[in-house]
Amino acid sequence: MMDQEENVVAEPLTDDEPASESSTTIQNMNYSGPKVPFDAKDKTPNYDAEEKIALFIDKSYIKSCIGLLRLIQVIFSMIALISLTTAGKKDGDFLQLPLSWHFRVMVFVLLLTSMTSLTLWIINATGLILALPLNWYLLDTVVYSMFSFLYLVGTSLEKMILISMEDAGVTSPEL
């Protein structure tokens with residue numbers, strides 16, 4: 001037999017009865033609510049100094065091997081982007097070269113990796129990494145694995161251009 005459930009009817013609140021005493025809520029074990037205490041008088045948030053996010057320059061990260069390598073990666077990506085976008089003939093740019101979509105893919109890869117790496121470097125260098133509750137090791141692994149794959153695809157497309165030029169008998173593009 002099925003147990004009969006009681007029907008609970010919510011009664012309307014009166015003015016002299018506070019809402020928190022008569023309402024029922026479902027407790028979420030993973031979330032404990034905001035950490036901001038409220039003033040009893042005017043019901044405004046009362047922030048303490050410990051609860052604010054303080055930005056600081058993490059000099060140990062900037063001088064570390066990982067910080068320097070990420071900054072060097074951004075610089076080299078920008079150099080490669082400048083070199084790629086200034087390529088072309090006298091009368092046109094790189095978009096008028098044969099198979100220009102290969103160049104567009106590489107420009108996209110260079111811009112994506114440069115901006116993402118610069119953003120991650122700034123997050124680490126300013127101490128925001130402490131305020132954002134992420135698994136940063138997993139994020140770095142996924143992001144830089146994706147970068148490796150994108151660089152592999154982008155540079156292999158550039159190599160295909162060189163191979164097709166050699167097959168056509170062109171040794172160097174005419175300027």
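Colleague: Is Tyr144 buried, partly exposed or exposed?

Modeller: This is a predicted model, and every value discussed here is computed from it. The general idea is to compare relative accessible area with two cut-offs: under 20% is buried, over 50% is exposed, and partly exposed lies in between. Tyr144 has a relative accessible area of 21%, so the residue is partly exposed.

Colleague: How many aromatic pairs does the structure hold, and which rings form them?

Modeller: The count is 1 aromatic pair. The ring centres of Tyr144 and Phe147 lie 5.2 Å apart, and their planes stand at 85 degrees. Planes over 60 degrees apart count as edge-to-face, so this pair is edge-to-face.

Colleague: Where do Tyr144 and Phe147 stand relative to one another in helix α5?

Modeller: The two residues are 3 apart in helix α5, which means that about one helical turn separates them. Their exposure should be read alongside the geometry. Phe147 has 2% relative accessibility and is therefore buried, whereas Tyr144 is partly exposed.

Colleague: Which side chains meet in a salt bridge, and how many salt bridges are there in the structure?

Modeller: In general, side chains of opposite charge can pair when their charged atoms come close. Here there is 1 salt bridge. The side chains of Arg70 and Asp140 form this contact, with an N to O distance of 2.7 Å. Arg70 belongs to helix α3 (residues 65-85) and Asp140 to helix α5 (residues 136-167); the partners are 70 residues apart, so the pair links distant parts of the chain.

Colleague: Are Arg70 and Asp140 buried or exposed?

Modeller: Arg70 has a relative accessible area of 9% and is therefore buried. Asp140, with a value of 18%, is buried as well.

Colleague: How should the helices be read as a whole: how many helices and strands does the chain have?

Modeller: The chain contains 5 helices and 0 strands. Along the sequence the pattern reads α-α-α-α-α. With regard to burial, 21% of the 175 residues in the chain are buried.

Colleague: What span does α3 reach from its first C-alpha to its last?

Modeller: A helix span is read against the length expected at 1.5 Å a residue. For α3, with 21 residues, the span is 30 Å, close to the expected 30 Å. Helix α4 has 26 residues and reaches 37 Å, close to the 38 Å expected. After α4 comes Gly127, whose phi is positive, near 85 degrees.

Colleague: Which residues of α3 are buried, and where do they lie around the axis?

Modeller: The buried residues of α3 are Gly67, Arg70, Gln73, Val74, Ser77, Leu81 and Leu84. Their arc around the axis is only 125 degrees, which means that they lie on the same side of α3. On the other side of α3, the exposed residues are Cys65, Leu69, Phe76 and Ile82.

Colleague: Which residues make the nonpolar surface patch?

Modeller: Leu68, Leu69, Ile72, Ile75, Phe76 and Ile79 make this patch, with an area of about 570 Å². Phe76 is a useful case to follow. Its place is in helix α3, and its relative accessible area of 55% makes the residue exposed.

Colleague: How many residues separate Leu110 and Phe76 in sequence, and what is their distance in space?

Modeller: Separation along the chain and separation in space are read as two values. Leu110 and Phe76 are 34 residues apart in sequence, and their C-alpha atoms are 9.5 Å apart. Leu110 lies in helix α4 and, with a relative accessible area of 3%, is buried.

Another residue of helix α4 (residues 100-125) is Met115. Its C-alpha is 9.7 Å from that of Met78, 37 residues away along the chain. Met115 has a relative accessible area of 40% and is therefore partly exposed.

Colleague: Where is Leu55 placed, and is Leu55 buried or exposed?

Modeller: Leu55 sits in the loop between α1 (19-22) and α2 (59-63). Its relative accessible area is 57%, so Leu55 is exposed. From C-alpha to C-alpha, Leu55 and Thr126 are 5.6 Å apart, with their positions 71 residues apart in sequence.

Leu130 offers a further loop case, in the loop between α4 and α5. With 68% relative accessibility, Leu130 is exposed. The C-alpha atoms of Leu130 and Ile53 are separated by 9.0 Å, although the two residues are 77 apart along the chain.

Notes
Residues numbered from 1 in each chain as written. Predicted model: local features only at pLDDT ≥ 70, side-chain atom pairs only at ≥ 80, totals over all residues. Heavy atoms only, no water. Salt bridge = Lys/Arg side-chain N within 4 Å of Asp/Glu carboxyl O. Helix = DSSP H or I, 4+ residues; strand = E, 2+ residues; numbered from the N terminus. Buried < 20%, exposed > 50% of the residue type's maximum accessible area, 1.4 Å probe, protein only. Phe/Tyr/Trp six-rings, centres within 6.5 Å; stacked < 30°, edge-to-face > 60°. Expected span 1.5 Å × (residues − 1). Arc of directions from axis to C-beta. Patch = residues over 30% accessible without salt bridge, like charges linked within 9 Å, V, L, I, M, F, W, Y side chains within 5 Å. Areas by Shrake-Rupley, 256 points an atom, 1.4 Å probe, with all protein chains shown as cover.
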